[in-house]
Amino acid sequence: MRVTPAMVARGRQRFHINCEPCHGATGMGNGIVTQYGLVGVANFQQQRLRDMPDGEIFNTITNGKNTMGAYGSNIAVEDRWAIISYIRALQRSQNATLADVPPGVRGTLDQQTAAKP
(Lines give C-alpha, C1' and ligand atoms only; values in the text may rest on other atoms or scores of the structure.)
Protein backbone atom coordinates (compact mmCIF):
# COMPACT_ATOMS: atom_id res chain seq x y z
CA MET A 1 0.00 0.00 0.00
CA ARG A 2 1.14 3.53 -0.71
CA VAL A 3 1.42 5.54 2.48
CA THR A 4 -0.16 8.98 2.19
CA PRO A 5 -0.70 11.78 4.72
CA ALA A 6 -4.41 10.87 4.77
CA MET A 7 -3.57 7.25 5.56
CA VAL A 8 -1.28 8.24 8.43
CA ALA A 9 -3.96 10.61 9.75
CA ARG A 10 -6.54 7.81 9.65
CA GLY A 11 -4.04 5.53 11.37
CA ARG A 12 -3.51 8.13 14.09
CA GLN A 13 -7.25 8.35 14.68
CA ARG A 14 -7.67 4.56 14.82
CA PHE A 15 -4.53 4.16 16.97
CA HIS A 16 -5.90 6.60 19.56
CA ILE A 17 -9.18 4.70 19.70
CA ASN A 18 -7.95 1.11 19.60
CA CYS A 19 -4.30 1.04 20.65
CA GLU A 20 -3.48 3.99 22.89
CA PRO A 21 -5.27 2.67 26.01
CA CYS A 22 -2.64 -0.10 26.21
CA HIS A 23 0.33 1.11 24.15
CA GLY A 24 0.22 4.79 25.18
CA ALA A 25 0.24 7.95 23.08
CA THR A 26 3.81 7.43 21.85
CA GLY A 27 3.62 3.64 21.64
CA MET A 28 5.89 3.02 24.62
CA GLY A 29 3.61 0.43 26.20
CA ASN A 30 2.58 2.76 29.02
CA GLY A 31 -1.11 3.29 28.32
CA ILE A 32 -3.69 3.95 31.02
CA VAL A 33 -4.56 0.26 31.41
CA THR A 34 -1.02 -0.47 32.62
CA GLN A 35 -1.80 1.64 35.68
CA TYR A 36 -4.51 -0.89 36.51
CA GLY A 37 -2.38 -4.01 36.32
CA LEU A 38 -2.04 -4.99 32.66
CA VAL A 39 1.54 -6.12 32.11
CA GLY A 40 3.50 -7.19 29.07
CA VAL A 41 2.24 -4.46 26.73
CA ALA A 42 4.53 -4.11 23.71
CA ASN A 43 6.69 -1.01 23.48
CA PHE A 44 6.82 0.00 19.80
CA GLN A 45 9.99 1.99 20.47
CA GLN A 46 12.01 -1.16 21.16
CA GLN A 47 14.44 -2.03 18.39
CA ARG A 48 12.94 -5.50 17.89
CA LEU A 49 9.58 -3.89 17.07
CA ARG A 50 11.12 -1.20 14.89
CA ASP A 51 12.73 -4.05 12.93
CA MET A 52 9.55 -6.17 12.83
CA PRO A 53 8.04 -6.50 9.34
CA ASP A 54 4.75 -4.69 8.77
CA GLY A 55 3.08 -8.00 7.94
CA GLU A 56 3.93 -9.39 11.35
CA ILE A 57 2.40 -6.36 13.06
CA PHE A 58 -0.67 -6.76 10.82
CA ASN A 59 -0.92 -10.40 11.87
CA THR A 60 -0.66 -9.46 15.55
CA ILE A 61 -3.40 -6.84 15.21
CA THR A 62 -5.56 -9.36 13.36
CA ASN A 63 -5.03 -12.47 15.48
CA GLY A 64 -3.60 -11.18 18.75
CA LYS A 65 -0.45 -12.34 20.53
CA ASN A 66 0.37 -13.01 24.18
CA THR A 67 -1.80 -10.63 26.26
CA MET A 68 -3.10 -8.74 23.20
CA GLY A 69 -6.45 -9.88 21.96
CA ALA A 70 -7.42 -10.24 18.31
CA TYR A 71 -8.77 -7.09 16.65
CA GLY A 72 -9.36 -8.57 13.20
CA SER A 73 -13.11 -8.52 13.59
CA ASN A 74 -13.12 -4.99 15.05
CA ILE A 75 -10.71 -3.10 12.79
CA ALA A 76 -11.11 -3.04 9.01
CA VAL A 77 -8.18 -4.28 6.91
CA GLU A 78 -7.49 -0.78 5.54
CA ASP A 79 -7.49 0.66 9.04
CA ARG A 80 -5.03 -1.99 10.26
CA TRP A 81 -2.60 -0.88 7.54
CA ALA A 82 -3.26 2.75 8.43
CA ILE A 83 -2.48 2.02 12.09
CA ILE A 84 0.78 0.38 11.06
CA SER A 85 1.72 3.45 9.01
CA TYR A 86 1.06 5.60 12.09
CA ILE A 87 3.09 3.27 14.32
CA ARG A 88 5.99 3.67 11.89
CA ALA A 89 5.60 7.46 12.10
CA LEU A 90 5.61 7.25 15.91
CA GLN A 91 8.75 5.14 15.82
CA ARG A 92 10.45 7.62 13.53
CA SER A 93 9.39 10.59 15.65
CA GLN A 94 10.80 9.08 18.84
CA ASN A 95 14.07 7.89 17.25
CA ALA A 96 14.89 10.66 14.79
CA THR A 97 18.34 12.08 14.33
CA LEU A 98 19.52 15.35 12.81
CA ALA A 99 20.27 13.41 9.63
CA ASP A 100 16.51 12.80 9.26
CA VAL A 101 15.88 16.56 9.02
CA PRO A 102 16.27 18.12 5.55
CA PRO A 103 19.36 20.36 5.46
CA GLY A 104 17.33 23.45 4.60
CA VAL A 105 15.21 23.08 7.75
CA ARG A 106 17.94 22.26 10.27
CA GLY A 107 18.64 25.93 11.05
CA THR A 108 15.06 26.45 12.18
CA LEU A 109 15.46 23.70 14.78
CA ASP A 110 18.03 25.76 16.62
CA GLN A 111 15.72 28.78 16.48
CA GLN A 112 12.79 26.77 17.84
CA THR A 113 14.90 25.35 20.67
CA ALA A 114 16.20 28.79 21.63
CA ALA A 115 12.67 30.22 21.71
CA LYS A 116 11.49 27.68 24.32
CA PRO A 117 11.70 28.82 27.96
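This report covers the helices, aromatic pairs, salt bridges and one buried loop residue of the structure above.

The model is predicted.

**Helix α5 and its partners**

Helix α5 runs over residues 77–94. Its 18 residues should span 26 Å at 1.5 Å a residue, and its end C-alpha atoms are 26 Å apart, so the two values agree.

Which residues of α5 are buried? They are Asp-79, Arg-80, Ala-82, Ile-83, Ile-84, Ser-85, Tyr-86, Ile-87, Leu-90 and Gln-91. These buried residues pack against α1, α3 and α4.

Helix α4 covers residues 54–63. Its buried residues are Ile-57, Phe-58, Thr-60, Ile-61 and Thr-62. They pack against α3 and α5. Just after α4 comes Gly-64, with a positive phi of about 80 degrees.

**Aromatic pairs**

The count of aromatic pairs is three. One of them joins Phe-15 and Phe-44. Their ring centres are 6.5 Å apart, and the planes make an angle of 55 degrees. The pair is tilted, because an angle over 60 degrees would be needed for edge-to-face and one under 30 for stacked.

This pair links distant parts of the chain. Phe-15 sits in helix α1 (residues 5–18). Phe-44 lies in the loop between α2 (20–23) and α3 (47–50). The two are 29 residues apart.

Are the two rings on buried or exposed residues? Phe-15 has 0% relative accessibility and so counts as buried. Phe-44 is also buried, at a relative accessible area of 10%.

Ring pairs extend to a third residue: Phe-15, Phe-44 and Tyr-86 form a cluster. Tyr-86 is among the buried residues of α5.

**Salt bridges**

The whole structure holds four salt bridges. The table gives three of the four.

| Salt bridge | N to O distance | Relative accessibility |
|---|---|---|
| Arg-10 and Asp-79 | 2.9 Å | Arg-10 36%, Asp-79 12% |
| Glu-56 and Lys-65 | 3.8 Å | Glu-56 34%, Lys-65 41% |
| Arg-92 and Asp-100 | 2.9 Å | Arg-92 51%, Asp-100 33% |

Take Arg-10 and Asp-79. How many residues separate them along the chain? They are 69 residues apart, with Arg-10 in helix α1 and Asp-79 in helix α5. Arg-10 is partly exposed, at 36% relative accessibility. Asp-79 is buried, since its relative accessible area is 12% and the cut-off for buried is under 20%.

Glu-56 and Lys-65 meet through their side chains. Glu-56 is partly exposed, and Lys-65 is partly exposed too.

Arg-92 counts as exposed at 51% relative accessibility, because the cut-off for exposed is over 50%. Its partner Asp-100 counts as partly exposed, at 33%.

**Gln-45 in the loop**

The loop between α2 and α3 also holds Gln-45. Its relative accessible area is 10%, so Gln-45 is buried.

What does Gln-45 contact, leaving aside its neighbours within four places in sequence? Its contacts are Thr-26, Gly-27, Met-28, Arg-50, Leu-90, Gln-91, Gln-94 and Asn-95. Of these, Leu-90 and Gln-91 are listed among the buried residues of α5.

**Putting it together**

Helix α1 provides Phe-15 to an aromatic pair and Arg-10 to a salt bridge with Asp-79 of α5. The buried residues of α5 also pack against α1. The loop between α2 and α3 holds Phe-44 and Gln-45.

Note on methods:
Residues are numbered from 1 along each chain as its sequence is written. This is a predicted model: local features need pLDDT of at least 70, side-chain atom pairs count only at pLDDT 80 or more; totals for chains, interfaces and linings use all residues. Side-chain values use heavy atoms; hydrogens and water are left out. Rings of Phe, Tyr and Trp (its six-membered ring) pair if their centres lie within 6.5 Å; planes under 30 degrees apart count as stacked, over 60 as edge-to-face and the rest as tilted. Helices (H or I, at least four residues) and strands (E, at least two) are DSSP runs, numbered from the N terminus. Buried means under 20% relative accessible area, exposed over 50%, partly exposed in between (1.4 Å probe, protein chains only). The expected span of a helix is 1.5 Å times one less than its number of residues. Contact means heavy atoms within 4.5 Å.
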